[in-house]
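Let's walk through this one together, a heading at a time. Keep the viewer open as you read.

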Amino acid sequence: MGGKISIHNDIEKHVSAVLLDRRRNLVESWNLKLKPGHTIEQRGDGVIVNEPYTLKLFAGNGSAQNESTKFERRFFAFYNNVIDLKVKISEILAKKRRGWLQLLQLKHLVGEVLPGVRIEDRDYYGEIYEECFIANELVTYLILHKVARSADLAVEMCSILLREGIFQEVIEGQEFMNDFIFFRLDDSHQVVRTQGRLQKSLDTWDNMSNYRFHTFTATASRMLSPRVVEIRAHEGWLEKKSKFGFWQIRFFRILPSDEVRSSSTLAYFNDTVSTELKGEVPTTDIQQVERYERDRSNRIICIKLVPESKLRGSVYLRAPNPDVCERWVVALQKFAKSLSPVDVVKRSALMFVFTDKMVREFAKRLELKKVRRGQSIEEFDTFYLLRQGKIGIFIQGKEGKAPEFYCERTPICFFGESVFHVGSRSPTLRSRRFSFSRSPKMESIKLSMGSRRLSMRSYGKSVIYKAMEESEILRLTPEHREAFLKNFGEVRGRLDVMLRVGIDRCLEKTPFFKELNAAQVAQLKMGLHFHSLKKDEVLFYEGEPGRDFFIVYAGTLVISQYDIQNGREVILKKLKKDDNFGEIALLVPGMPRTATVKATDDALLLSLDEDTFKSFMRLTQLDVNRIMKQDMMSTFEKCEIPFFENISKEKLAERCKIETFDAGTDIFKEGDFGDKFYMVTFGEIGVYVKGKLVKRLSRGDYFGEVALVVEDTLRTATCMTTKRSVLLSINKAGFSKFFSGRPEALSEVSIKIAGWRCKLRPILYHPKGLSLFMEYLRSQFAQESIEFWIAARAYRKTVLRIENRAVGNLGAEEQERIQTLAKEVVAEYIGDEAKTQVNLSAKMVNEIYEAVDASEACSGTFARAETEVVLLMSRDKLSGFKRSKLFKLLLQHVGSYDVNENTQKAAAVKNIKPSEVGNISPCFRSPKRLSRLEAKQARHVVRT
C-alpha cells in the first residue's frame with residue numbers, strides 16, 4: 001500500500017481498530033488504540049495492493065470491553081498515492097453510501113480494472129450488441145496481468161464496479177460472474193471521468209470498435225502509469241507460424257513474467273478467455289524485431305531470438321493488416337536487445353531525408369563495430385550510428401588538465417555528422433532556400449539558411465568520444481559514404497540542412513538561447529539529440545516525470561489535458577516548426593508533466609536533457625538567470641501584472657531570480673518579516689492562515705507584493721509548496737532600483753499595492769495624494785505641518801541644485817542666496833514669532849536656529865525636521881485620513897486592489913463574488929480572471 005497514514009480520533013470516544021487479511025488473520029502492527037483527540041501515524045508498507053482486507057473498528061466510552069459502536073468494512077487495498085494520507089475517524093464512521101474508504105477503493109479499482117475492458121460490437125446468435133464487453137474476458141485479463149490472484153477476487157472487484165454504476169447490465173438484473181455475460185461501461189460516471197479516458201485501439205482482427213481505458217491521474221512511481229497501461233493494451237489476434245510452416249491464429253498478450261519480476265513475456269492463447277498458455281516468448285530472449293523483407297503484403301513480423309534461448313531460431317507472426325503489424329513491431333522493439341541496421345536508420349532522424357530505397361542502401365553499407373568500455377573512437381572522418389550502449393562526449397580542457405565529461409550519446413543517436421556538411425563552394429548552398437522530403441508522400445519541409453556555419457569539426461581534437469559501457473556502433477567509412485553519395489548525391493544537401501543549418505535556425509528562434517555566443521552555440525549543439533515520432537505517437541503523458549526540453553524541428557504536435565468535468569481531452573496548443581516546450585524540466589528535473597504531447601503527423605524534435613544542460617552551464621560558466629532571461633520576459637508579458645506595466649520587462653528579468661522548491665517546503669511563514677515578491681511559473685502553492693488552507697496558487701499567480709513597498713511588514717499567511725515548484729522572485733532592494741530618483745513613480749505603485757496599509761510618504765510623494773491629504777488637514781485645521789514639509793522639501797531641492805552646479809566651491813552670491821532661503825523658511829514656520837508655527841521639538845528648533853544664525857545653512861538644514869514632521873503626521877493624522885472619503889478617492893484614482901464599499905455593495909446586489917470584480921486578497925491574487933478553458937490554454941506546455 002505504501003506511504004504514511006495519519007489516523008486522527010476526532011470523536012469523543014475511545015477507539016480501537018484492527019486490520020484483518022482475507023484469511024481473517026490480524027495484520028501485524030495494525031492493532032491500534034486511540035484516545036479522543038489523539039493521532040497515530042501508521043505505515044502502509046505491510047499491506048498488499050489489490051488484496052482484500054477487513055477493517056474492524058470499535059468506539060466506546062472507556063475500555064475496549066464496553067464498545068457501543070462497531071464498524072466492519074471489507075475493501076481492496078489501494079495505492080496510497082497521497083504519500084501522507086490523513087483520515088479522521090468520523091470520516092470512516094460516516095453513514096454514507098460511499099464513505100471515505102469506499103471512495104478510495106473505487107478510484108483505485110477504476111484505474112486497475114478498466115484498462116482490461118475491451119469494448120466492441122458483439123454478435124450473439126445474429127443479434128448485435130453495440131459497444132459491450134464480456135465478463136469472462138475481463139476476468140481473464142485481471143488474472144493474467146496479476147491484478148487479481150484468482151477468478152473469485154476478480155469477480156468481486158468487478159461486482160463493486162457494477163454496484164457503483166460504473167458497469168451496467170445489458171440485460172437487466174444480471175450479476176457479474178465469470179461467464180459469457182455482456183456489460184457496458186458508463187464512461188460518464190464521475191469517477192471514470194476523473195480517473196482516465198477512453199481511447200480507440202487498433203489491435204482487433206476485424207473492423208469492430210475497440211476502446212482502451214487510460215488512466216491519466218497516475219504517477220510513475222506509485223500508481224499505474226500511462227506507459228504501463230500502454231503495454232497492457234498490446235493484445236490482440238495474430239497468426240503464428242508453426243514448425244511445419246502452417247499459420248495458426250492465436251490471441252497474443254504482453255504479460256508480466258512469472259520468473260523475472262521486472263520482465264515481461266509475449267504469451268499466446270487459443271482465445272480471449274483462456275488462461276492456459278499455448279506458448280510464450282520471454283522478452284529477455286528477443287534479440288531483434290523487424291518486418292520480414294520477403295513479405296510483399298508487409299504484414300509479417302520476424303522476431304530473432306538470442307542464441308541461448310530455449311526456443312532457438314526465429315518466431316514469425318502475421319498481422320491482419322500493415323497498420324497492426326507496425327504497431328506490434330514498435331511495441332516489441334522496446335524489448336529487443338538490438339536493432340537491425342535498417343531499423344536503426346528508420347528510427348533515427350535520417351528517415352526524414354531518406355526514401356525507403358535510400359534506407360536499405362545506406363543500411364547495407366554500415367559496418368558493425370564493437371567498442372569496449374573506456375575505448376576511444378578516433379576516426380573523425382567517419383559517420384557513426386549507435387545501436388547499443390552509451391558513448392560519452394568529453395571536452396579537452398587546457399593543457400595539462402584531464403578532459404571533462406559533457407554528455408552521452410544513447411542508442412539511435414549518431415555522431416560524426418560533419419562528414420556530410422557541404423563546402424561553401426557547393427552549388428547546393430547558393431540558394432537561400434531549398435527543401436528536402438522523406439518520401440514523395442511527405443510534404444517538403446522548407447528550411448531557411450541560418451547565419452551560423454559552425455560544425456562539430458570546429459572543435460577538432462578538443463572533442464573526445466569514449467565508450468561508457470560495452471557498445472555497438474554502426475559506422476559508415478569514407479569509401480562507403482562516397483559510394484552511397486554517388487548513387488544519391490542529392491541527399492548531401494538535405495543532410496547538411498538537417499544536421500547543421502536547420503539546427504542553427506532552431507536555436508536562433510529559441511528565446512533562452514539568444515544570449516549565447518557562437519562558441520557556446522557550437523558546444524550546445526553537441527549535446528542535442530534528435531527525437532523522431534510517427535503520426536499519433538505520444539511523446540509523453542500528463543503526470544510523467546520530465547527530464548528533457550524539446551524544440552520542434554519539423555512536423556506538428558498537439559498539447560492536451562484531460563478535462564475532468566467534461567470527461568474529454570482539451571487541446572491546449574498546437575505546436576509547429578521552431579516551437580519549444582518543456583524547459584521547466586531543465587530547472588526542476590523529475591517535475592511531472594502538466595499535459596500530454598502527441599504527434600499529429602511524422603515529427604522530428606531536438607531534445608536537451610537536464611544532465612547535459614547542467615554540464616553545459618558548468619563548462620560555459622553561464623548563469624541560469626541569464627539563460628532564462630528571455631523566458632522570464634515572456635512570463636511577465638503574459639501575466640500582465642499591473643504594477644509592473646510601466647517597467648521594462650528586460651530590466652525586470654535582470655532583477656529577478658529563479659528559485660525552485662520541493663513539495664512541502666515553506667516559502668515563508670505567517671508572522672515572518674517580508675522582503676520578497678514571488679510569481680509562480682510552475683507548480684502549486686498552498687496559502688494557509690492559522691493552519692487552515694484558504695487558497696491555492698498556480699502558474700501566473702503572484703503573492704508577497706506588499707513586502708516590496710511596506711516597511712517591516714509581517715506575512716499574513718504561510719505559503720507552502722504542495723508540489724515541486726519554480727518561482728520568480730524579486731527582493732525589495734531590487735524593486736526599489738527601478739524607481740531610483742523617481743519617488744513619485746514609486747509612490748503610485750506603493751499605494752496601488754499596499755492600499756489601506758500604505759505609509760504616509762507614498763501619499764505625500766503622489767501629486768493627487770498630496771492634494772487630498774492637504775484637503776483633509778485643512779478640514780482638521782492642521783495644515784501647518786504639511787505646508788512646512790512642502791516648503792522644507794522645496795528648499796532642499798533648490799539648495800541641492802545650487803550646490804551641484806557649484807561642485808563644492810560656493811561663491812559669496814550662492815552662499816547669500818542659500819542663507820536667505822533658509823531665513824524665509826524659519827520666519828514662516830519656526831519659533832514663537834513664526835507666521836504659521838509648526839509643532840517641532842525644542843531640540844530641533846534650537847539646531848535650526850544655530851545653523852541659520854551662524855550662516856551655515858545647507859541642503860540638510862531642515863532634513864531632520866522634515867522626518868520629524870512626517871512621523872508626527874503619521875501618528876496623529878494618517879489613520880483619520882484613511883477613514884475619510886478622500887482616501888477612498890485616492891485609491892480609486894490609482895486603481896488600488898482594495899475594493900471600496902460601493903463596489904462591494906454592487907457586487908452583493910448582483911450576487912457577484914468580490915474576487916470577480918478585482919478584490920483577491922491584498923497578498924494573494926491572480927492577474928487575470930479567465931474561463932476554465934482559457935485558463936488551461938494560458939497554462940500551455942511551455943511548462944509541460
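## A strand pair and its sheet

In this predicted model, Gly 392 sits opposite Glu 408 of strand E25. Gly 392 belongs to strand E24, which covers residues 391-395 and pairs with E25 in the antiparallel sense through five bridges.

Step back and you will find these two strands in an open sheet of four, ordered E22-E29-E24-E25 with antiparallel pairing. The edges are taken by E22 (376-377) and E25 (404-409); each has a single partner strand, so one side of each has no neighbour in the sheet.

## Helices on the sheet

Which strands does helix H12 lie across? Helix H12, residues 518-526, lies across E24, E25 and strand E29 (463-467), and runs at about 45° to E25. Helix H14 (residues 610-620) also packs on the sheet, where it touches E24 and E25. The direction of H14 makes about 155° with that of E25.

## Aromatic pairs

If you enjoy ring geometry, there is plenty to look at: the count comes to 40 aromatic pairs. Take Phe 540 and Phe 550, whose ring centres are 6.2 Å apart with planes at 35°; the pair is therefore tilted. Phe 540 is in strand E32 (residues 538-540) and Phe 550 in strand E34 (residues 548-554), so this pair ties together parts ten residues apart in sequence. Phe 540 and Phe 550 are buried.

For another geometry, turn to Tyr 795 and Phe 862: with centres 5.0 Å apart and planes at 85°, the pair is edge-to-face. This pair links distant parts of the chain, 67 residues apart, with Tyr 795 in helix H22 (residues 784-806) and Phe 862 in the loop between helix H24 (842-853) and helix H25 (863-876). Both residues of this pair, Tyr 795 and Phe 862, are buried. Ring pairs also build a cluster, whose members include Phe 354, Phe 383, Phe 488 and Tyr 553.

## Around Asp 10

Asp 10 is found in the loop between strand E1 (4-8) and strand E2 (14-20). Is Asp 10 buried or partly exposed? Its relative accessibility is 33%, so Asp 10 counts as partly exposed.

Leaving aside residues up to four places away in sequence, Asp 10 touches Lys 88, Ile 89 and Ser 90. The side chains of Asp 10 and Ser 90 are joined by a polar contact of 2.5 Å. Asp 10 and Lys 88, 78 residues apart in sequence, have their C-alpha atoms 6.2 Å apart.

## Cysteines

A search of the whole structure turns up zero disulfides. Cys 325 is buried at a relative accessible area of 0%, whereas Cys 858 is partly exposed at 33%.

Terms used:
Residues are numbered from 1 along each chain as its sequence is written. This is a predicted model: local features need pLDDT of at least 70, side-chain atom pairs count only at pLDDT 80 or more; totals for chains, interfaces and linings use all residues. Side-chain values use heavy atoms; hydrogens and water are left out. Two strands pair if DSSP finds at least two bridges between them. Contact means heavy atoms within 4.5 Å. Axes are lines fitted to C-alpha atoms, for helices over the stretch in contact, and angles run from 0 to 180 degrees between N-to-C directions. A disulfide is a pair of cysteine sulfur atoms within 2.5 Å. Buried means under 20% relative accessible area, exposed over 50%, partly exposed in between (1.4 Å probe, protein chains only). A polar contact is a pair of N or O atoms within 3.5 Å; within protein, one must be able to donate a hydrogen and the other to accept it, and residues adjacent in sequence count only if both atoms are side-chain atoms. Rings of Phe, Tyr and Trp (its six-membered ring) pair if their centres lie within 6.5 Å; planes under 30 degrees apart count as stacked, over 60 as edge-to-face and the rest as tilted.
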